[in-house]
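Me: Could you take a close look at one part of this model for me, the place where two of its helices pack together? I'd like to know what touches what, and what else those helices are involved in.

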Amino acid sequence: MHPTVEKQIAAFQNVPAALLFNSGYDANLGLIPAMTDRNDLILYDELVHASIRDGIQLSQAKSLKFKHNDLDHLQMLLEKHTLNGTGDIYIITESVFSMDGDVPDLKRLVKLVQKQERVQIILDEAHALGV
């Protein structure tokens, strides 16, 4: 049953694959620690959902927050930290923020990351489906 639903979700989202968790909270608790290690750095929007913060705490990665939807602040942090360390950098944000409904400039965020070699985006879509 789960593989069928995952295929349907992947098709709906127009992505190669999907993975089901029993809740968004469990998805963040499972994904973030699994993707990162102690050599990595997580840069996260200061207004991300509490489940993301909990996932970050469970990881062994270092973490810094950037001002809400402030990609200039994020760029400054990226410039400062891409020269340091041996691990990857993960930027975590939401596509639609649950409390205010505002959205980041995702096109600019992707362009910012495309310039970097060791930088990945983790985008929480929990509040965006159907928007």
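Reply: On the α2 side of the contact you'll find G24, Y25, N28, L29, I32 and P33, and they meet S51, I52, D54, G55, I56 and L58 in α3. Keep in mind that this is a predicted model. Sort the residues of this α2 with α3 contact by type and you get 7 nonpolar, 4 polar and 1 charged.

As for the geometry, α2 and α3 (residues 50–58) pack at an angle of about 30°, and their axes are 8 Å apart. Angles under 35 degrees count as roughly parallel, and α2 and α3 are therefore roughly parallel to each other. The crossing of these two helices, α2 and α3, is right-handed.

Now for what else α2 does. Helix α2 (24–35) also helps line the largest pocket, where α1 (2–13) and β4 (119–124) likewise supply at least two residues each. In fact, α2 gives the largest share of that lining, with 4 residues. The space in the largest pocket comes to about 950 Å³. Its lining is made up of 23 residues, and Q13, L19, L123, E125 and A126 are the ones that lie nearest the centre of the pocket. By type, the lining of the largest pocket has 16 nonpolar residues, 5 polar and 2 charged.

If you want another helix pair to set beside this one, try α4 (residues 71–81) and α5 (residues 106–114): their axes come within 11 Å and cross at roughly 10°. That angle makes α4 roughly parallel to α5. Here L71, D72, L74, Q75 and L78 of α4 meet R108, L109 and L112 of α5. The residues of the α4 with α5 contact split into 5 nonpolar, 1 polar and 2 charged.

Terms used. Residues are numbered from 1 along each chain as its sequence is written. This is a predicted model: local features need pLDDT of at least 70, side-chain atom pairs count only at pLDDT 80 or more; totals for chains, interfaces and linings use all residues. Side-chain values use heavy atoms; hydrogens and water are left out. On a 1 Å grid over the protein atoms alone, a cavity is a set of points where a 1.4 Å probe fits but cannot get out, and a pocket is an open set with protein on both sides within 12 Å along at least five of seven lines; lining residues have an atom within 4 Å of a point. Grid points are joined across faces, edges and corners, and a volume is the space filled by probe spheres set on the points. Ala, Val, Leu, Ile, Met, Phe, Trp, Tyr, Cys and Pro count as nonpolar, Asp, Glu, Lys and Arg as charged, and the others, Gly among them, as polar. Axes are lines fitted to C-alpha atoms, for helices over the stretch in contact, and angles run from 0 to 180 degrees between N-to-C directions. Angles under 35 degrees count as roughly parallel, over 145 as roughly antiparallel, 65 to 115 as roughly perpendicular and the rest as oblique. A crossing is left-handed if the near helix is turned anticlockwise from the far one by less than a right angle, and right-handed if clockwise. Contact means heavy atoms within 4.5 Å.
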